[in-house]
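Work through the exercises below with the sequence and the model side by side. Try each task before reading its solution.

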Amino acid sequence: MEFYVEEGKESDHNCSTLILPALSIGNVGQLAVDLLISSLKAEKIGYLDDPNILPCVGNDAYWPSPPGDLTLPLEAYQSSSSALSLVQQRSPVVKGMMVEYAKNLANFVASNGKKHVIILSSLDFGRWHSIDVSSGLQIFYLSTSNIDGTDEDCEKLGWHRLQEYNPSQRMWKYLNTLAEGGSTMEEDLRFEELGDEDYYPSLPFAALFSCLKTKGLKVTCLLCYCSEGDNIPEAFHLAEAASKLTGLNQNEFHGNEAGRWVVPFSWKSVYGPPADLTLF
């Protein structure tokens, strides 16, 4: 993985906390990072290039000007006033290469002095076994603070550890072995052999969690359940959780949305133009 700094920009080493998405159902992690970047008015300092990420290019996602400013698959931002670094991922990982990408990212993060990595992602609502809608949208977490994945700060915020995390379960163990670069007794765990208990460690957030953990970094995954469709409410909820965990003061935001969030410019056309009312 190569990091290319934009001309005249430099990385602030005081921004030791990194927030990034893990692609999953509904793209909630990416939408939440969008909200954080636009609300913090974070500065783009460069982009990352990794052979395991599919290439893509598009218009600037946050501001209508200057014209011609392009968006690339992996971009790096920072907010020096909040001591935060952010990475936004715009395209998926090449099939079968998630662990290799996670290893490359972990090497880059560790070599650049980051101390705490916060991964934002989503889970399939259809896999949620203990549904409790009485308290609205809920945040689940996974942390490297303790072996069982618990974290005192997250518990104080009222979040629940992902119950399906079991470090002794075969897929989590297999993932950790791959992250450490070791060999396994099985060359491959075939898809047809996977059970329901293997769903969570097969997701991108799990590969990132395992590979970053092997570098001795503190890692916190913030997760929410969702379905495909309009997941903007979940994105606000996940961004809110990240702001609480990092101690962001939302009064410093300059938006008009609830919590003073600044909605990214690209969201104006996320579902296309409104329907022609003459049709009804």
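Two strands pair if DSSP finds at least two bridges between them. Helices (H or I, at least four residues) and strands (E, at least two) are DSSP runs, numbered from the N terminus. The model is predicted: local features need pLDDT of at least 70 and side-chain atom pairs count only at pLDDT 80 or more, while totals for chains, interfaces and linings use all residues. Residues are numbered from 1 along each chain as its sequence is written, and side-chain values use heavy atoms, with hydrogens and water left out.

**Exercise 1. The sheet**

Task: Find the order of the strands in the open sheet, and name the edge strands.

Solution.
Step 1. The open sheet has nine strands, in the order β1-β3-β6-β7-β2-β8-β11-β9-β10, and its pairing is mixed.
Step 2. β1 (2-5) and β10 (160-161) are the edge strands, since each pairs on one side only.
Step 3. An antiparallel pair is formed by β3 (residues 43-49) and β6 (residues 74-79), joined by four bridges. Within this pair, E43 stands opposite Q78 of β6.

**Exercise 2. Strand β2 and its neighbours**

Task: Trace the bridges that join β2 to β7 and to β8, and say how many residues of β2 are buried.

Solution.
Step 1. Buried means under 20% relative accessible area, exposed over 50%, and partly exposed in between (1.4 Å probe, protein chains only).
Step 2. In β2 (residues 17-21), five of the five residues are buried. T17, I19 and P21 point one way, L18 and L20 the other way.
Step 3. β2 runs parallel to β7 (residues 84-89), with three bridges between them. On this side L18 has S85 as its bridge partner.
Step 4. β2 is also parallel to β8 (residues 116-124), here over five bridges. T17 is partnered with H116, and L20 stands opposite I119.
Step 5. β8 continues the sheet: nine bridges join it in parallel to β11 (residues 218-226). I119 of β8 faces C221 in β11. Eight of the nine residues of β8 are buried.

**Exercise 3. Helices on the sheet**

Task: Which strands does helix α5 touch, and which does α6 lie across?

Solution.
Step 1. Contact means heavy atoms within 4.5 Å. Axes are lines fitted to C-alpha atoms, for helices over the stretch in contact, and angles run from 0 to 180 degrees between N-to-C directions.
Step 2. Helix α5 (residues 204-213) packs on the sheet and touches β2, β8, β9 (140-143) and β11. The direction of α5 makes about 160° with that of β8.
Step 3. Helix α6 lies across β2, β7, β8 and β11, at about 155° to β11.

**Exercise 4. Salt bridges**

Task: Describe the salt bridges of E43, D34 and E75, giving distances and the exposure of each partner.

Solution.
Step 1. A salt bridge is a side-chain nitrogen of Lys or Arg within 4 Å of a carboxyl oxygen of Asp or Glu. The structure holds ten of them.
Step 2. K9 and E43 meet at 3.8 Å, N to O. K9 is in the loop between β1 and β2 and E43 is in β3, so the pair ties together parts that are 34 residues apart in sequence. K9 is partly exposed at 29%, and E43 is partly exposed at 36%.
Step 3. D34 and R90 meet at 2.9 Å, N to O. D34 belongs to helix α1 and R90 to the loop between β7 and α2 (98-111), so this pair ties together parts that are 56 residues apart in sequence. D34 is buried at 4%, whereas R90 is partly exposed at 25%.
Step 4. E75 and K44 meet at 3.3 Å, N to O. E75 in β6 and K44 in β3 are 31 residues apart. E75 is buried at 2%, and K44 is buried at 14%.
Step 5. Salt bridges link E6, K9, E43, K44, D69 and E75 in a network.

**Exercise 5. Two backbone angles**

Task: Where do N27 and K41 lie, and what is the phi of each?

Solution.
Step 1. Most residues other than glycine have a negative phi.
Step 2. N27, not a glycine, has a positive phi of about 55°. N27 is found in the loop between β2 and α1 (28-40), and is partly exposed at 39%.
Step 3. K41 also has a positive phi, near 50°. K41 lies in the loop between α1 and β3, and is partly exposed at 46%.
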